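Here are some notes to read alongside the model, set out as numbered points. They begin with the ligand and then move to the strands and helices.

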Amino acid sequence: MCGIVGYVGKKNVVPIVLEGLKKLEYRGYDSAGIAVIDKGKLSVLKCKGRIADLEKLVKKNHLSGNIGLGHTRWATHGDPSDRNAHPHTDGSGKIAVVHNGIIENYASLRKLLIAKGHQFKSDTDTEIFAHLIERFYKGDILKAVQKALTLTEGAYAFAVICKDEPDKIVAARLGSPLVIGIGNNGEYLIASDPVAIVKHTRKVIYLGDKEIAVLQPSGYRITNIDNVEIEKETEEITWSLDKITKNGLPHYMLKEILEQSQTIYDAIRGRILKKEAKIKLGGLESPLKWVTGKDKQKTGLSCLLNAKRIIIVACGTSWHAALIGEYMFENIIGIPVDVEYASEARYRNFIVDGDTVVIGISQSGETLDTLAALREAKKRGAITLGLVNAVGSTIARETHAGVYLHAGPEIGVASTKAFTSQVCVLALITLLIGQEKHLITKTKTNRIVRSLLKIPSQIKEILGQSDAILKIAKQYVNFNNFLYLGRGYNFPIALEGALKLKEISYIHAEGYPAAEMKHGPIALIDKNMPVVFIATDTEDQIYKKIISNIEEVRARKGQVIAIASKGNKSIGEIADSVITVPKTMDFLTPLLTVIPLQLFAYHIAVLRKCDVDKPRNLAKSVTVE
Ligand code: G6P
C-alpha cells in the first residue's frame, strides 16, 4: 500500500529512486512522484499513472541530485491524480513528504491548519503532515517531525526532506513498514520493502513502531518521539535480487504459478527427516521470544501441543489457506480451530487466553489487519505464531515464533505460490503435532511424507496442461459471472478460484460450499452461468454428493467446468469441460486443485487484456485498515 524509497549519498539519487520505485510498484500504482534537493533547490515531479510516466517527466526536466525521495501511490484520500500524487510539500515549498498509511485525524488537523491560514493543494491526508512540520520548523527538521508526530493519529511510514538541511532524510514509522539500508561511503537508503534497495546494500535495519531515523552521509541516528536514542541491530539480507525477475515470461504472476513445483519443494526441504519419518520445523523449536520466568522453556511447538484452541487470523488468499488449515487441524489432530478474518477479530471481543495459540498467516508479513489482530491476541495473553513469507517482516518479528514459507519474493498482486506454500506448511505443522501427540503412526507418517514429496512433480504435470486450460479459457472468456463450488478441503479452493478470477479479470465470481448452492446461488443458474466444480474423487462420500450437485446445475442448463482426478472417465459425460489433476491424499488435494484455477484465471485475464500483475484498485501489501 504505497511504496516509499529514499537515498542520500554521493551518487545521483534519480536512477536509484526510480529503479527502487519500479520494485515497489506492487504496493500501489495509481500515481508516482519524486522530490530531489540539488544546489539549494527542492524540485518535485509527480504524475498520475505508472512509474514509466514519471520516468518520462523526470527525463524531460533533467532532474538530478544527491538526496531525494520517491513514492508510488495507492489512493486512500483523494482520487488518483497529479495533484494528489506524493511527494507533498508545505506552504513554504521547503519541505517534501512521502507517506504510506492513513492519518485518521486528518480532517480535524486540516480545519485547524486552515484556520491558521494554511492553504492546501491536494485532497490528501499526507499534505497535512507537511504543513504540521512547517508550523514546528525552527531550523531542526528532526525536532519538527517529532513534534508533528505527537499530533498525528493513525498508521504511517513517513520520509521527509527539507531544503534548509539538504543532507538529511528523516523517516518515521507507526504501523507501515520501513527499512533503512546502510551503504558504503556514507550512503543511506530508506524503503518500504528491502527489494527496493537490496541492489545497493544488504545491510539493513528494520525501523520499529514509533521510531524515527535521521540519515545523513555522516551517519544515522534512531530515536523515539522524545528524542531518546535507540540502539538497533543491523541485519543482513540473504536472498538475492535475481529471484525478482520475470525470467523472460510476460508476467510475474505466470512466473510465480510456474514456480510452484519448486516453491513447494523449498517449503518442505530440510523439514522432513525421511529416515526417522519425522517432521522438523526449526522456527517452532527455539525458545519463544520475550517469554520469561518458568515459561522460558516454552517453544512454539510446546505451545501448540498444549493448546486447547487454535485461532488462525489472516486476510485474502491467506485466509483461504487458513480455512484449509482448520480442516487439517480438526480432522487429523482434533484440535478445535477458529478461522477469523483479521479485520473482524481485532474489533470484537476476541476471546483468547494463555491456552490459545493464535496463528497469523501472511505472505507479506505486513498486512495491517493481520498484524493488529496478532498484537491484540498477544496483549490478551495468547501465544502468537507467524506463517510468513517475507523474511524480516513485521509479523515475522512480532510473533513469539513461527515458520517461514520460503516461497521467495512474490510480486504478482494476486497471490499464487505463497498460497500453496502456506497450505504445505500447515500440512507440515499438522503432521508435526500428530506425530508428537502420537496421533499419527510412523507408517502413516511415511505414507503422508511420500505423498507430500510427490506434490512438486504432480504440480509440474498440471502446469504442463496450461495450453489445454487456455483453450477452455477461450470458451468462457466472455461470460460475466462464474460460480465456484467445492466441498471439504476443496471448499476453500472454490473460494480461492473465484477470488483469483475476480481479482485479475474483473469478472464477478463467487465461491460456495457445493451443498450451499441450493440455498441461494441455484437461483442464478442458467445457460449464462458457468459453474466450476472442484470434483476430485479422493473421498468417495464427498465425490458422490458433488456429482449430484453437477446434475442439479446441468438440469438448469448451467455450463460445468470440472476439476477432476486423473483417470476419472465418467465425469466427462456430465461436464462440459474437464481438467484433471493427479491423485493424492485428501488433505493434500488443495495443493493440486488450485493450480488449474490459477492458470484459468490467468489466461482469462490475459485474453481480456487485463493488467495481470497490477490489477486495478488492488495492492499486494495492504498496510491500511
Ligand atoms: C492483498 C493481496 C492478496 C493477499 C492479501 C493478504 O489483498 O492482494 O493477494 O492475499 O492482501 O496479504 P498477506 O500478505 O497478508 O498474505
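1. In this predicted model, Ser415 approaches the ligand through its backbone, with an N or O atom of that backbone lying 3.4 Å from an oxygen atom of the ligand. Ser318 and Thr367 make their approaches with side chains instead: a polar side-chain atom of Ser318 is 2.6 Å from a ligand oxygen atom, and an N or O atom in the side chain of Thr367 is 2.5 Å from an oxygen atom of the ligand.

2. As for the wider surroundings of the ligand, 14 residues surround it, and the closest of these are Ser318, Ser362, Gln363, Ser364 and Thr367. Two of these closest residues, Ser318 and Thr367, are the ones whose side-chain distances are given in the point above.

3. Turning to the strands, an open sheet is built from 5 strands in the order E18-E17-E19-E20-E21, and the pairing within this sheet is parallel. Its edges are formed by strand E18, covering 337-341, and strand E21, covering 401-404, each of which pairs on one side only. On average, neighbouring strands of the sheet are turned by 20° against each other, if the direction of the turn is ignored.

4. Within that sheet, strand E17, made of residues 309-314, pairs with E18 in the parallel sense, and the pairing extends over 5 bridges. A reader who wishes to locate this pairing in the model can start from Ile311, whose bridge partner in E18 is Asp338. Helix H11, residues 368-379, packs on the sheet, where it touches E17, strand E19 (356-362) and strand E20 (383-388), and the direction of the helix makes about 165° with that of E19.

5. Strand E22, which comprises residues 481-486, is mostly covered, in that 5 of its 6 residues are buried. Strand E23 (residues 508-513) pairs with E22 in the parallel sense over 6 bridges, and within this pairing Leu483 stands opposite Glu510 of E23. Between the two strands the chain crosses from E22 through helix H16, residues 491-505, to E23, and this β-α-β crossover is right-handed.

6. E22 also pairs with strand E24, residues 530-535, again in the parallel sense, here over 3 bridges. Which residue of E24 is the bridge partner of Leu483? That partner is Val531, so that Leu483 can serve as a point of reference for both pairings, given that Glu510 stands opposite Leu483 in E23 and Val531 is its bridge partner in E24, with strands paired as DSSP finds at least two bridges between them.

Definitions and conventions: Residues numbered from 1 in each chain as written. Predicted model: local features only at pLDDT ≥ 70, side-chain atom pairs only at ≥ 80, totals over all residues. Heavy atoms only, no water. Buried < 20%, exposed > 50% of the residue type's maximum accessible area, 1.4 Å probe, protein only. Helix = DSSP H or I, 4+ residues; strand = E, 2+ residues; numbered from the N terminus. Right-handed = clockwise from strand over helix to strand, strands pointing away. Axes fitted to C-alpha atoms, helices over the stretch in contact; angles between N-to-C directions. Contact = heavy atoms within 4.5 Å. Near = heavy atom within 4 Å. Polar contact = N/O pair within 3.5 Å; in protein donor to acceptor, adjacent residues only side chain to side chain.
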